Amino acid sequence: MTFEEVYALSSVAQRTLLTLDCFKAAKRLSLYASFQNEVLTGDVFQSAVETGKEVFYPRVVDGNKRRLGFFRVKRLDELSQGSYEIPEPHDKEPPAHPSILDLIVVPGVAFDINGARLGFGKGYYDMALAGLGSSIVGLAYDFQIVKGELPTEPTDVSVSAIVTEKRIIDCSGR
């Protein structure tokens with residue numbers, strides 16, 4: 001995808017995410033720093049900060065155990081290239097436990113309409129989000145929604161909704 005396509009489609013998906021009740025109600029949320037052609041999240045960050053929400057970004061804190069930590073970010077310039085060349089926050093303070101997050105926005109390579117998510121295959125998000133009661137929303141392009149079901153493992157964590165530039169898919173009741 002060209003940057004213009006990424007920007008245009010991301011803008012629509014982000015505006016849609018901002019309309020969700022789970023976003024409006026969230027006091028603390030986690031976003032991801034987009035990597036390669038993932039849906040951008042900068043507009044969501046700006047809106048969250050402007051409305052007084054606390055925003056956290058994941059950082060690899062233990063690559064051997066596939067552990068993510070969630071660190072509060074007040075400005076996007078607090079992110080710098082980290083593990084796997086993905087922008088990550090500096091770890092000036094201890095990470096917040098993910099259970100304090102009301103909403104967690106995650107990227108993915110592919111999703112199915114049941115909420116199964118295929119990432120890059122390392123399982124970092126699955127390890128961090130297992131057993132949480134937070135809303136987990138996948139932000140994706142519509143072409144990333146597959147027909148049928150993705151293969152899953154018992155340790156995979158599903159999303160409760162998927163937001164694309166074309167639709168919102170509620171996966172919570174499936």
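Modeller: Two strands count as a pair if DSSP finds at least two bridges between them. Keep that in mind here, and remember that this is a predicted model.

Biologist: Fine. What makes β2 and β3 a pair, then?

Modeller: The cut-off is at least two bridges, and strand β2 (residues 54-62) has six bridges to β3, so the two strands pair. They run antiparallel. Among the bridge partners, Asp62 goes with Arg67 in β3, and Pro58 goes with Phe70 in β3.

Biologist: And how do you know that β1 and β2 are paired?

Modeller: By the same test: three bridges join them, and at least two are needed, so they qualify. Here the pairing is parallel. Leu29, for instance, stands opposite Val55 in β2.

Biologist: Why is the link between β1 and β2 called a right-handed crossover?

Modeller: Follow the chain: from β1 it passes through α3 to β2, a β-α-β crossover. Right-handed means that, with the strands pointing away from you, the path over the helix runs clockwise, so that is how the path goes here. As for helix α3 (residues 42-50), it lies across β1 (28-30) and β2, at about 125° to β2.

Biologist: What makes β3 and β11 the edges of the sheet?

Modeller: Look at the order, β3-β2-β1-β6-β9-β10-β11, seven strands in an open sheet with mixed pairing. β3 (67-72) and β11 (168-170) each have a single partner strand, so one side of each lacks a neighbour in the sheet. The twist from one strand to the next averages 25°.

Biologist: On to the pockets. Why does the second largest pocket get one polar residue in its lining?

Modeller: Phe56, Phe70, Phe71, Arg72, Lys74, Glu78, His90, Lys92, Glu93, Pro94, Pro95 and Ala96 line that pocket. His is on neither the nonpolar nor the charged list, so His90 counts as polar. The full split is six nonpolar, one polar and five charged. The pocket holds about 220 Å³.

Biologist: Which strand gives the largest share of that lining?

Modeller: β3, with three residues.

Biologist: How does the lining of the largest pocket divide?

Modeller: Into 19 nonpolar, eight polar and nine charged residues. There are 36 lining residues, and Arg117, Phe120, Lys122, Gly123 and Tyr124 lie nearest the centre. Gly counts as polar, so Gly123 goes in with the polar group. The volume of the largest pocket is about 820 Å³, and β2, β5 (87-89), β8 (117-118) and α4 (124-129) each supply at least two residues of its lining.

Notes: Residues are numbered from 1 along each chain as its sequence is written. This is a predicted model: local features need pLDDT of at least 70, side-chain atom pairs count only at pLDDT 80 or more; totals for chains, interfaces and linings use all residues. Side-chain values use heavy atoms; hydrogens and water are left out. Helices (H or I, at least four residues) and strands (E, at least two) are DSSP runs, numbered from the N terminus. Axes are lines fitted to C-alpha atoms, for helices over the stretch in contact, and angles run from 0 to 180 degrees between N-to-C directions. Contact means heavy atoms within 4.5 Å. On a 1 Å grid over the protein atoms alone, a cavity is a set of points where a 1.4 Å probe fits but cannot get out, and a pocket is an open set with protein on both sides within 12 Å along at least five of seven lines; lining residues have an atom within 4 Å of a point. Grid points are joined across faces, edges and corners, and a volume is the space filled by probe spheres set on the points.
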